[in-house]
2 protein chains.
Amino acid sequence: MSPKVSKQHKEQRRANILEAAKDVFIEHGYEKATMKHILEAANVSRGGLYQYFKNKEDVYEALLEESINESMHHTLDQLDEEVSSYWDLLLTRIFGKGQQPDDEMDPMAPSNLEFFITGRNDQRRREYGKTRYYTGLKIYKSIIEKGQENGEFSKKFDSDILARSIISFIDGLALDYSILPPEDVKLKEQSIMFVDYLKMALGVDQG
Amino acid sequence: MSPKVSKQHKEQRRANILEAAKDVFIEHGYEKATMKHILEAANVSRGGLYQYFKNKEDVYEALLEESINESMHHTLDQLDEEVSSYWDLLLTRIFGKGQQPDDEMDPMAPSNLEFFITGRNDQRRREYGKTRYYTGLKIYKSIIEKGQENGEFSKKFDSDILARSIISFIDGLALDYSILPPEDVKLKEQSIMFVDYLKMALGVDQG
DNA sequence: TTGTAAATCGACATCGATGTCGTTATAATA
DNA sequence: TATTATAACGACATCGATGTCGATTTACAA
């Protein structure tokens with residue numbers, strides 16, 4: 001369908017493969033997914049697939065990059081320009097656009113956890129996970145600190161620990177969501193309770 | 001060393017294998033550990049190992065049973081006899097005997113997460129994880145509810161959601177601990193902050 | 001239209017892990 | 001001591017996943 005290059009088609013092909021791979025990872029998880037699953041889902045041959053990615057890890061990292069670029073930049077951009085309410089910004093960062101806790105969860109969350117947990121003895125993956133963690137941490141810290149300087153947030157709690165707690169909370173929910181059948185996880189209720197906690201910790205009045 | 005049975009020796013052998021297996025799982029994690037690792041660590045032959053366990057999953061479940069029997073019963077026993085302070089009981093359940101948050105974490109925690117996450121598409125494992133979750137949940141709920149009836153705890157929050165939040169908090173910490181190098185996780189500080197939260201939610205004054 | 005670079009293909013060799021099975025060694029019993 | 005049940009052994013067949021490579025096909029340029 002597209003030999004001797006064309007760059008357009010190459011990028012298109014790559015995107016197709018990633019799209020298919022995403023479905024595969026959502027269905028099988030990281031460990032149980034195989035290159036064969038991916039090439040079948042993407043309708044490429046074995047050789048075709050290996051032209052674009054050198055192994056499963058490579059495919060997965062490409063997907064991670066995608067999602068980082070998607071979510072991270074939004075918040076970073078908003079942080080640059082002074083924003084009206086850091087509380088809103090914080091909620092958006094935690095819960096996404098909707099700003100309200102709901103019963104949705106990123107379908108890639110389970111395989112993401114798998115990817116990092118199963119790779120925790122691998123130098124490369126560990127480094128990758130660490131970078132990812134601190135990148136996220138930094139964003140939360142920035143929001144909290146700016147809000148504190150602003151006077152919008154109380155200074156009674158340490159921004160670092162608070163930010164870590166937020167990440168930890170999200171991770172905990174993602175984990176339970178990954179293990180339990182969806183209907184057994186009360187994402188919304190737990191999120192609401194956590195928001196209450198944040199309000200208290202940051203001294204925010206209104207919701 | 002012990003053919004034609006003796007029951008004593010059989011149980012001893014089994015215990016030896018499990019002990020060795022535990023080390024293996026701590027070192028390699030669940031997925032990357034192999035039966036070969038285990039049989040080498042336990043100094044048994046392949047056939048010897050398969051005499052006691054039919055596969056890796058079987059070995060791991062035996063380890064899980066062990067740890068459940070260890071930790072669960074303590075709390076359950078205490079719940080039967082009326083206890084002086086449910087707050088203390090709650091802390092003991094969360095943080096263990098010491099009752100204070102520290103920088104320790106069960107070394108099996110990472111592989112436990114792995115075991116359940118990678119098995120989330122397996123009917124059997126999913127059921128197992130669910131049972132485990134609800135067993136733990138029930139204990140926390142009982143403690144909270146008894147404390148609430150007692151007047152020791154405030155009733156402003158729902159015991160079910162609160163109990164789930166506790167589990168979620170523990171899971172989140174375990175997850176971060178599994179992914180990050182130990183020195184990058186602030187178990188103690190985050191735990192202290194969480195205890196503050198619980199105090200507020202339960203209306204407990206003193207620490 | 002023809003030549004060519006390279007994208008695509010799929011058969012194949014390799015590897016590691018698994019579980020089995022016939023053989024051997026040994027603890028209990030008579 | 002001889003017998004026997006069975007624990008322990010390790011070689012082996014099997015399987016699935018991986019990554020490679022020579023052959024083939026096709027888009028683009030001349």
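1. UniProt, in an unreviewed entry, lists residues 34-53 of chain A as "DNA-binding region". The structure discussed here is a predicted model. In that model the span from 34 to 53 of chain A is 75% helix and 0% strand, and its end C-alpha atoms lie 13 Å apart. The record's term is an annotation, and annotations of this kind may be inferred rather than shown by experiment.

2. A second UniProt feature, also from an unreviewed entry, is "domain: HTH tetR-type", placed at residues 11-71 of chain A. Residues 11-71 of chain A are 87% helix and 0% strand. The C-alpha atoms at the two ends of this span are 21 Å apart.

3. Asn43 deserves a look in both chains. N43(A) sits in the loop between α2 (35-42) and α3 (46-52) of chain A. Its phi is near 60°, which is a positive value in a residue other than glycine. With a relative accessible area of 67%, N43(A) is exposed, since the cut-off for exposed is over 50%.

4. In chain B, N43(B) is likewise found in the loop between α2 (35-42) and α3 (46-52) of that chain. Phi of N43(B) is near 55°, again positive in a residue other than glycine. N43(B) has a relative accessible area of 66% and is exposed.

5. How are the two chains related? A rotation of 180°, with 0.0 Å of shift along its axis, superposes chain B on chain A, and the RMSD is 0.0 Å. The two copies are therefore related as by a two-fold rotation axis. The same surface serves both copies, as 100% of the contact residues of chain B recur in chain A. Of the residues of chain B, G172(B) comes closest to the rotation axis, its C-alpha lying at 1.8 Å.

6. The cavity count, at 30 Å³ or more, comes to 1. The largest cavity holds about 230 Å³ of space. Its lining has 14 residues, and those nearest its centre are S165(A), F169(A), F194(A), F169(B) and F194(B). Both chains take part: α8 (159-179) and α9 (187-202) of chain A, and α8 (159-179) and α9 (187-202) of chain B, each supply at least two residues of the lining.

7. What is the make-up of the lining of the largest cavity, in nonpolar, polar and charged residues? The lining residues divide into 8 nonpolar and 6 polar, with no charged residue.

8. One of the residues nearest the centre of the largest cavity is S165(A), which has its place in helix α8 of chain A. Is S165(A) buried or exposed? S165(A) is buried, at a relative accessible area of 12%; the cut-off for buried is under 20%. Leaving aside neighbours within four places in sequence, S165(A) is in contact with F194(A) of its own chain and with Q190(B) and M193(B) of chain B.

9. Y134(A) is another residue with contacts in both chains. Y134(A) lies in helix α7 (residues 123-150) of chain A and is partly exposed, with a relative accessible area of 27%. Not counting residues up to four places away in sequence, Y134(A) touches R164(A) and D184(B). Y134(A) and R164(A) are 30 residues apart along the chain, and their C-alpha atoms are separated by 9.5 Å.

10. Another pair in the model is H73(B) and D103(B), also 30 residues apart along the chain, with 24 Å between their C-alpha atoms. H73(B) is in helix α4 (residues 56-80) of chain B. At 41% relative accessibility, H73(B) counts as partly exposed.

11. Why is helix α5 (residues 86-95) of chain B described as largely enclosed by the rest of the structure? Because 9 of its 10 residues are buried. The buried residues of α5(B) are Y86(B), W87(B), L89(B), L90(B), L91(B), T92(B), R93(B), I94(B) and F95(B). What covers them includes α4, α7 (123-150), α8 and α9 of chain B.

Notes. Residues are numbered from 1 along each chain as its sequence is written. Chains are lettered from A and ligands numbered from 1 in the order in which they are written. This is a predicted model: local features need pLDDT of at least 70, side-chain atom pairs count only at pLDDT 80 or more; totals for chains, interfaces and linings use all residues. Side-chain values use heavy atoms; hydrogens and water are left out. On a 1 Å grid over the protein atoms alone, a cavity is a set of points where a 1.4 Å probe fits but cannot get out, and a pocket is an open set with protein on both sides within 12 Å along at least five of seven lines; lining residues have an atom within 4 Å of a point. Grid points are joined across faces, edges and corners, and a volume is the space filled by probe spheres set on the points. Helices (H or I, at least four residues) and strands (E, at least two) are DSSP runs, numbered from the N terminus. Ala, Val, Leu, Ile, Met, Phe, Trp, Tyr, Cys and Pro count as nonpolar, Asp, Glu, Lys and Arg as charged, and the others, Gly among them, as polar. Copies are superposed by least squares on the C-alpha atoms of residues with pLDDT of at least 70 in both. Contact means heavy atoms within 4.5 Å. Buried means under 20% relative accessible area, exposed over 50%, partly exposed in between (1.4 Å probe, protein chains only).
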